[in-house]
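Work through these exercises with the sequence and the model side by side. Try each task before you read its solution.

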Amino acid sequence: MHKNFFCFIIILFISLQPVFAIPLITVSGYIRDAKTGEDLIGATISVRELSSKGSASNTYGFYSLTLPSGQYQITAQYMGYEPQIQQVDLTQPRKIDFQLESHENALGEVVVTSQRKNDNITKLEMGVQKLDTKDIKNIPVLFGEKDVLKTIQLLPGIKSAGEGSSGFNVRGGAVDQNLILLDEATVYNASHLMGFFSVFNSDAIKDISVYKGNEPAEYGGRLSSALDIKMNDGNNKKISVNGGIGLIASRLTVEGPLVSDKGSFIVSARRTYADLFLKLTKDTTFNQAQLYFYDINVKANYKLDNKNRVYLSGYFGKDVLGLGSTFGINWGNSTGTLRWNHLFSDRLFSNTSFILSNYDYRINITNGIELNIISQIQDYSLKQDFQFFSGTNNTFKFGFNLIHHKIIPGVITASSTVDLKTLTNKFAWENSLYVSHQYSFSDNISLEYGARVSVFSSIGPGNFYTYDSSGAPVDTTFYGSNQFVKTYFNIEPRATFNYILNQQSSLKASYSRNVQNLHLISNSTSGNPTDLWIPSSNNVKPEIADQVSLGYYRNFNDNMYEFSAEIYYKYLQNQIDYKNGAELNFNENVESQILFGSGRAYGLELFLKKKYGRFNGWISYDLSRTERKFDAINNGSYYPARQDRTHDISIVGMYELSKSWILSATWVYNTGNAVTFPSGKYEIDGKTIMLYSQRNANRMPAYHRLDIGATWIVKKTPKFESSWTFSLYNAYGQENAYTITFQNNVDDPTKTDAIQTTLFRFVPSFSYNFKF
Amino acid sequence: MRKNRTCLFTILLITVFMTSCEKVIQLDLSTTEPQLVIQGNIYDEPGPYVVNISRTVNFDQPNVFPPVTNATVTVSDNEGQSEALTPSTPGNYVTSTLKGIIGRTYTLTVNLDGKTYTSSSTIPEAVEIDSVYLKKSFFGEYLIALNLNNPPNKDNYYQVIHLVNGKQIPGFSVFGDNSDQFESISYSFMTANTIPALVAGDSINVWLECIDHPVFEYFRTANRNGGRSASPANPVSNITNGALGYFNACAVRKKIFIYPVIKKTP
C-alpha cells in the first residue's frame, strides 16, 4: 500500500516536470536575522524580472527558486525587517543567503509604502492567522503575563473556553480538537493552574501559526485547528540574556552561540511564586500550601555542514498544588525533539524528527496511609517531511508520521496494600502519510491540494470489552502485546484555491477533511488536569470533520489596512457526549458511558487590521452557531453545543505615545454560552433539587471586559534594554459570570436563588523586563 | 474523595486569587408543566412505611411543593404480600400490615390520572454498624465517621442518613463497594461545621441503610445536582414513566452517637 504511493509520487514528479528548451537553474539558500542568526519563517523571496514569481522560506528559513538562466534582482522581505536585494547572474546553481536587519522601532516608524506587504492577498494559505511575537509583547493580558493562547483568542474564529481558561474553541469545535505543537511535539495540556496561564513562555517563541480547520496535509490528528508554535533557535552570534521580574511570575532566557555562526542554544525558564504570598497568612491550612508552576524550554542546534543541521529541543513544565505533607497534586508536560535537516539537493529539502511527548498527573494523599494516583499519556514519534521545490510556484510536500501512544488511565497504589486499582493501559499506533502540491496556474490562480492518509490501530496488551445497550460489559477479550485490535483507515483530502483579483484583493476557497483518534473525556466546564484521553477502539470510532470555507480579502490604503471576510461550514461525525449520570473517573469501562452523535458549525468572521503607524490594532467580529445532535439528548434534535456563542467581538489597539511609552488596550464582548439551567425544582428527603428539561436551552449573561496596559521603555541601547510593563485586567470591573449555581437562600430557605460567581475584577500587574 | 479533590482545587485557587465575588442574580428561567415526584421507603423493621407523592414547582416559586392526594398506591412483594396504601397527611400514603423482609423484591405501583408509574427494589442483606466515632480530617476539622464490616464476595451499596436531635439532615451520602472488596470500611459523613453547629450533648441518630444498585445510582447522581458539571441532568430514577424520585427497599441499622465535649487545643 505504501510502496504504491511512493511509486505514484515519483511518476507524478516526472510527469509534472516542465520541459523547457531553456535550462532551468536553481538559486537557493537561507533567510536569517542579521543580528541573531535566527531563521526567518515564511519570509518572501521575489524576483523583480518575473513579477509574479516568488516563494517563501520554509520552517527552517530555507528557500529555493528554479528559474531560466539570466540576470535577476532577488529581494527577501519579512515583516519588521528591512528588505534586502541581491543581484544574481544565474548561469549555474547558486547558494545565496540573506541576512535581514530588523527595524529598530518596528511599531512607530512609518514604513515606506513599497515595503508594505500584501501577503494576505497573495499567499495561498487561507484561514490561517500568523502572530508576530512583537504583537504579543504589547498586549495586556491576565496578570501581566504575555500569553500566546490568550492573544490568539482575540482573533476571529478562535474563542476562549471560559474566563481564566487556556482551552479554546475554534469554529465551534471542542477544546480537545486543537492540535498544539511546540517544535513538532504535541502538547496535551497547554495550561497551568486550571487554565489561568498557558505553558508557552513567549520569550522563547519565534513564530505562531493557527490554522482554523483547513490546514495543509502535513498536519493532522485534530478536527478543528492546528496551532504550530516554533521556538527560537538561539542567537548564534553573541550571548544574550533577557528576562523579567513580575508580580506573579518571573522569567529568564539565556541564549548564545555554541560555535559562532554554526550553532546556538537557548534556555528559557519561568516560575510563579503565588505560594510565597500564601506563606504570609496566619491560617495554618494555607500557609503550608504550595501553589506554583514552572516552565523550562531548552534548545540547541548545530550546523554540521552546508547540507546538514541538527536540532535538539525540550520542554519541561509542571504545576504543583499541595497542602503541607498531607496532600499534593502535580501535573505537567514534557517533550523532547531531535531533528535533522538535510538538503538532498538544492531543490529537495528533508527534515527527520524523533519526538517524545509526555503528559502526566500525580496525586499524593498522606492521611494515615499514603495513597498515590498516577495517570499518564506517552508518545514516541518518527516524522519525515520532504519539500521538493520543483519550479517556482510549484512545490511538492510529502512525508509520513508514525506515532506510538501509551495511555496509563490510572494506577492507584496505597502503602498498606499492593495496587489498589489499576485500569488497563491503552496502546495505539497512529500512522499517516501525506502528499500535497502547491501550484500556480497563472499570475492570478494558485492551488494547494493534497491528501493525508491516516491509519489508526488500537493494539494490545490489554482487555477489550463489548457492551450491551445498558452499558454492561458482555464480552471481555484479552489481546497480547502489539496485537492489532481494531484499525481505522481514513483519507483526508485537503484543497485550497486562491484567485487574486488584483494586487489589493483576492478570493479564497477551501475544503478539508480532518480525522481525530484521541478523545478527551471530560465533563467539567473549564477542563481539569485530571481529564482523560482515550484512543479510538472497537467501541469508539474516529471523529471526522468536513469543512468548507470561502473568503474575500481586501487591503486598503496601500496595504495599511487589511480586511477579510470568511464564511465556513463544518460537519462533524462521531462526536462524543456522556450518558446521564456517567461515571467518568477511574472507570475501567469508561467507553460504556459515552454517547455518539453528530454536529455542525457555521459562521461568518470579519476582520479589519491596521498594520502600520503609531496607532495600530484590529477589530474582529464573529457571528456563529455550533450545534450537536444525539439520539439520547433533547429528543435527537439539533441543540446548541456548550461552546456556542452567537456574537463575539474583540477590539485591540496599540498606540506609541512616544519613544518610551506604548499604550495598549483590548476590549472583548461576547453573548453568553449555551448552558443548562433548571426549569423547576422539587424536594427529596428535605433537600431541594433542581429540575432540568432541555440541555443547553439557556444562555449565560453576556460577557465584556476591558484590559489596559502600558509599557515604559526606560532604556534602549544596543548593549542594554529595560522596560516596565503595567496592566490592569478588567479595568472597569465588570462582574462577568464564571459560574451560576442554584441553592436555597441562606436566610430564607423557602426561596431558591441563582448565585453568580465572578472570578476577576480589577487585577493589576506589573513587571520589570531587561535584555542584554 | 473525588469530590474533595475538585473542591480543593477550587478552594485553593479562588482563595489565592481573592478578587472574586459572589452575588445573587435574577434570571429569567423557563418553566415546564409540574412533574410528578414519588419517594418511598420500605425497611426491614416494622412499619408503617410511607410513600410521598408531590409535584415540582417553578424556580421562582416558594419551596412549597404541592402534595398529590388522589393517587392510588400499591406495594407488593414477590411472595404474595400486597397492600393498597391509605392516604394519611396530604401527599403521604401509608402501609399498615406490609412487612419488609430481607431478600424480597418489593414493587411499587402508582396510578394517577390514567398513568401508571412502577418501581422495583430488593432488600439486600443487613450490615451492622461497627462503631460511630469522631475523627480529624487532614484540614484539622472534626468529622463523624462510622465503621462497618463489608460482606465479601458481593456488591454492597450503602446510604447513611443522620438525624440531629430528631431532625433529618438533608443531603445524600451513598457509597458502594462493587469491586474493591474491602473487609472493613470507614466512612465519614458529616463535619462538625454543620449549621446549626453541633454542640456537646447533641444526639445524632445514625442510620446505615443497605440499598440495592438502582437506588445507589439514584442518590449518587442526585448528589451531582448542584455540582459544576458541564451538562447537569436529572438523577437516574428507578421509577418508570418519567416520574422523578426513588423507591428504596432497604435493610437499616441504627446507632445513637452523643456528640462529646471537645477539648480545645490551646
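**Exercise 1.** Which residue of β17(A) does Ser209(A) stand opposite? Then place the strands around this pair in their sheet.

Solution. The model is a predicted one, so read each position as a prediction.
- Step 1. Ser209(A) stands opposite Asp228(A) in β17(A).
- Step 2. β17(A) covers residues 225–231, and its pairing with β16(A) is antiparallel, over six bridges.
- Step 3. Strand β9(A), residues 128–131, also pairs with β16(A) in the antiparallel sense, here over four bridges. In this pairing, Ile208(A) of β16(A) has Leu131(A) opposite.
- Step 4. Put the strands in order. The sheet is open and has five strands, β9-β16-β17-β12-β13 of chain A, with mixed pairing. Its edge strands are β9 and β13 (185–186), each pairing on one side only.

**Exercise 2.** Is Lys206(A) buried or exposed? Find a polar partner for its side chain.

Solution.
- Step 1. Locate the residue. Lys206(A) belongs to strand β16 of chain A, residues 205–211.
- Step 2. Look at the whole strand. Seven of the seven residues of β16(A) are buried.
- Step 3. Apply the cut-off: buried means under 20% relative accessible area. Lys206(A) has 13% relative accessibility, so it counts as buried.
- Step 4. Look for a polar atom. The backbone oxygen of Asp39(A) is 2.9 Å from a polar atom of the Lys206(A) side chain.

**Exercise 3.** Why does Asn41(B) count as buried? List what surrounds it.

Solution.
- Step 1. Asn41(B) sits in strand β2 of chain B, residues 36–43.
- Step 2. Its relative accessibility is 15%, and therefore Asn41(B) counts as buried.
- Step 3. Set aside neighbours within four places in sequence. The contacts of Asn41(B) are then Tyr49(B), Val50(B), Tyr246(B) and Asn248(B).
- Step 4. Single out the polar one between side chains: Asn41(B) and Tyr246(B) make a polar contact at 3.2 Å.

**Exercise 4.** Which residues touch the most other members of the largest nonpolar core? Follow one of them outward.

Solution.
- Step 1. Start with the general trend. In soluble globular proteins, nonpolar side chains tend to be buried together.
- Step 2. The largest nonpolar core has 66 residues, and those touching the most other members are Ile684(A), Ile38(B), Ile42(B), Ile53(B), Val73(B) and Leu146(B). Strand β17 of chain B, residues 244–258, gives the most to this core: eight residues.
- Step 3. Follow Ile38(B). Beyond four places in sequence, its contacts include Val51(B), Ile53(B), Leu108(B), Val110(B), Tyr117(B) and Ile239(B). Leu244(B), Gly245(B) and Tyr246(B) are also among them.
- Step 4. Note the second, separate core. It has 32 residues, including Phe200(A), Tyr315(A), Phe607(A) and Met654(A).

**Exercise 5.** How many residues of helix α2 of chain B are buried?

Solution.
- Step 1. The helix runs over residues 213–222, and eight of its 10 residues are buried, so the rest of the structure largely encloses it.
- Step 2. Name some. Val215(B), Phe216(B), Glu217(B) and Arg220(B) are among the buried residues.

**Exercise 6.** How many aromatic pairs are there over all chains? Work through two of them, then look for a cluster and for charges over rings.

Solution.
- Step 1. The count over all chains is 34 aromatic pairs.
- Step 2. Take Tyr569(A) and Tyr602(A). Their rings are stacked, 6.1 Å centre to centre, with 15° between the planes. Tyr569(A) lies in β37(A) and Tyr602(A) in β38(A), so the pair ties together parts 33 residues apart in sequence. Tyr569(A) is partly exposed at 35% relative accessible area. Tyr602(A) is partly exposed at 31%.
- Step 3. Now take Phe742(A) and Phe59(B). This pair is edge-to-face, 5.3 Å centre to centre, with 85° between the planes. It crosses between chains, from strand β49(A) to the loop between β3 and β4 of chain B. Both Phe742(A) and Phe59(B) are buried.
- Step 4. Find the cluster. One aromatic cluster includes Phe720(A), Trp724(A), Phe726(A) and Tyr768(A).
- Step 5. Check the charges. Arg271(A) lies over the face of Tyr292(A), 4.0 Å from the ring centre. The charged end of Lys629(A) is over the ring of Tyr638(A), 5.9 Å from its centre.

Conventions: Residues numbered from 1 in each chain as written. Chains lettered and ligands numbered in written order. Predicted model: local features only at pLDDT ≥ 70, side-chain atom pairs only at ≥ 80, totals over all residues. Heavy atoms only, no water. Helix = DSSP H or I, 4+ residues; strand = E, 2+ residues; numbered from the N terminus. Buried < 20%, exposed > 50% of the residue type's maximum accessible area, 1.4 Å probe, protein only. Polar contact = N/O pair within 3.5 Å; in protein donor to acceptor, adjacent residues only side chain to side chain. Core = buried A, V, L, I, M, F, W, Y, C linked by side-chain atoms within 4.5 Å. Contact = heavy atoms within 4.5 Å. Pairing = 2+ DSSP bridges. Phe/Tyr/Trp six-rings, centres within 6.5 Å; stacked < 30°, edge-to-face > 60°. Lys NZ or Arg CZ within 6 Å of the ring centre and 35° of its normal.
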